[in-house]
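Here are a few exercises to work through with the model open beside you. Try each task before reading its solution.

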Amino acid sequence: VQLQASGGGLVQAGGSPRLSCAASGRAFGLYYMGWFRQAPRREREFVAAISWNGYSTKYTDSVKGRFTISRDNAKRTVYLQMNSLKPEDTAVYYCAAGDTIVTVTSSPGSWGQGTLVTVSS
């Protein structure tokens, strides 16, 4: 599956942007989808994941209660709604796809190109 992320940009602290990730390929509905991020001078880290049917989600502790992952299989798109942004959320955000919840949170098989989110204080 090929992935194309969008929605990044410069946002003020406290803002609420939404990232989108459009997928190509008819098997989108079978994949677990996830979001990762990489801040400057830091390693890429897992942010959120969602099951193929949208019934199950998982988040890293630092974004729980602020970020929401969702998907629309008919549109082959996964979203990351980010609320109450903080300067430490500044990073390049990547969407990813995997066959299982384990792979999508640790070693996804497919990656999007990334979209930069910069949070100003």
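The exercises below cover a sheet, a disulfide, a set of salt bridges and one glycine. This is a predicted model, in which local features need pLDDT of at least 70, side-chain atom pairs count only at pLDDT 80 or more, and totals for chains, interfaces and linings use all residues. Residues are numbered from 1 along each chain as its sequence is written, and side-chain values use heavy atoms, with hydrogens and water left out.

**Exercise 1. Trace the open sheet of four strands and find its edges.**

Step 1: Strands are DSSP runs (E, at least two residues), numbered from the N terminus, and two of them pair if DSSP finds at least two bridges between them.
Step 2: The order is E1-E3-E8-E7, with antiparallel pairing.
Step 3: E1 (2-6) and E7 (67-72) each have a single partner strand, so one side of each lacks a neighbour in the sheet.
Step 4: Now look at E1 and E3 (residues 18-24), which are joined by five bridges. Gln-4 has Ala-22 in E3 as its bridge partner.

**Exercise 2. Locate the disulfide and work out its handedness.**

Step 1: Look for cysteine sulfur atoms within 2.5 Å of each other. The structure holds one such pair: Cys-21 and Cys-95, with sulfur atoms 2.1 Å apart.
Step 2: Cys-21 sits in E3 and Cys-95 in E9, 74 residues apart.
Step 3: The torsion about the S-S bond is about 60°, so this disulfide is right-handed.
Step 4: Both Cys-21 and Cys-95 are buried (buried means under 20% relative accessible area, exposed over 50%, partly exposed in between, with a 1.4 Å probe and protein chains only).

**Exercise 3. Which residues do salt bridges with shared partners join into one network?**

Step 1: Search for a side-chain nitrogen of Lys or Arg within 4 Å of a carboxyl oxygen of Asp or Glu. The count comes to four salt bridges.
Step 2: Start at Arg-37, which is buried at 6% relative accessible area. Glu-45 pairs with Arg-37 at 2.7 Å, and Glu-45 is partly exposed at 28%.
Step 3: Asp-89 also bridges to Arg-37, at 2.9 Å.
Step 4: Asp-89 meets Arg-66 too, at 2.8 Å. Both Asp-89 and Arg-66 are buried.
Step 5: The network therefore consists of Arg-37, Glu-45, Arg-66 and Asp-89.

**Exercise 4. Is Gly-98 buried or exposed?**

Step 1: Gly-98 lies in E9 (residues 91-98).
Step 2: With 3% relative accessibility, Gly-98 counts as buried.
Step 3: Among its contacts (heavy atoms within 4.5 Å) are Tyr-31, Tyr-32 and Val-104, not counting residues up to four places away in sequence.
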